[in-house]
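Dear colleague,

Please find the structure below, followed by a short account of what was found in it.

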Amino acid sequence: MAAPLFAASQLGTHLGSQLGAQLGSELAVNVLSAQSLLAAFGVLGVGVVMFAETGLLIGFFLPGDSLLFTAGLLCTGSGQAGLKLSLPALLVAAAVGALAGAQCGYLIGRKAGGALLARSGSPRLHAGAQRAEELLERYGHAKAIVLARFVPVVRTVLNPMAGALQVPVRTFTLWQVAGGLVWSLSLTLAGYALGSSIPNVDRYLLPIIAVIIVVSLIPLAAELRRSRRAAAERGAQG
């Protein structure tokens, strides 16, 4: 990441005004809004967000599920302002970003261990790390790595946690590729299928995204409930 940033800083002064305008427009982008990200960055933005959300701990707040679904829908030309994305390019960007990000997160975890998590003061991030560790212990490496893809925050922290816990490289790579492809491609194609079958579906986009977010949080809520119940039972027995 440092090399491209360094190269960009060396651009000639004759591009100064253009860079200033571009930076001004990027600052106005709402990174929590799938529509805003897609309008500003298109398919490239999908790949970058997938990489950041699955590979960098700072990306835990990004809208991965809703971004994939909305991007798939926009491939049908159903979006506002006539925005239309290329489905083949989108599928490639989503898959590459998700797979490369997870592998990067794993390698960071192997090298840095829990140091990066220890530096973070985010309760949500630490709760996700706890859930990720419990997931690995309860379901085993293969199932946990695949399931984590569908749980916000957990899919961000499980990859470095797997590295820190010394999950074998071959095991992690195999199952993160399987889970990453199923997650990224299924959500994208679901959005495309819905956009192709329902006219003017963008009018209902916000409620649809809300449903996706709620559904994606169900596994995490169920796991939290199970953990609290188990803790209560241990307390009663003690």
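In α4, residues G64, D65, L68, F69, G72 and L73 meet W183, S184, L187, T188, A190, G191, Y192, L194 and G195 of α10; contact means heavy atoms within 4.5 Å, and helices are DSSP runs of H or I with at least four residues, numbered from the N terminus. The residues of this contact divide into eight nonpolar, six polar and one charged, with Gly counted among the polar ones and Asp, Glu, Lys and Arg as charged.

This is a predicted model: local features need pLDDT of at least 70 and side-chain atom pairs count only at pLDDT 80 or more, while totals for chains, interfaces and linings use all residues. Residues are numbered from 1 along each chain as its sequence is written, and side-chain values use heavy atoms, leaving out hydrogens and water.

The axes of α4 and α10 lie 6 Å apart, at an angle of about 45 degrees. The two helices are therefore oblique to each other (neither under 35, nor over 145, nor from 65 to 115 degrees).

The largest nonpolar core (buried Ala, Val, Leu, Ile, Met, Phe, Trp, Tyr and Cys residues joined through side-chain atoms within 4.5 Å; buried means under 20% relative accessible area with a 1.4 Å probe, protein chains only) has 24 residues. At least two residues of this core come from each of α3 (34–55), α4 (64–74), α5 (87–112) and α10 (169–197), and α3 gives the most, with eight. Apart from this core lies another of 18 residues, including V151 and A162.

Yours sincerely

Notes:
Buried means under 20% relative accessible area, exposed over 50%, partly exposed in between (1.4 Å probe, protein chains only). Axes are lines fitted to C-alpha atoms, for helices over the stretch in contact, and angles run from 0 to 180 degrees between N-to-C directions.
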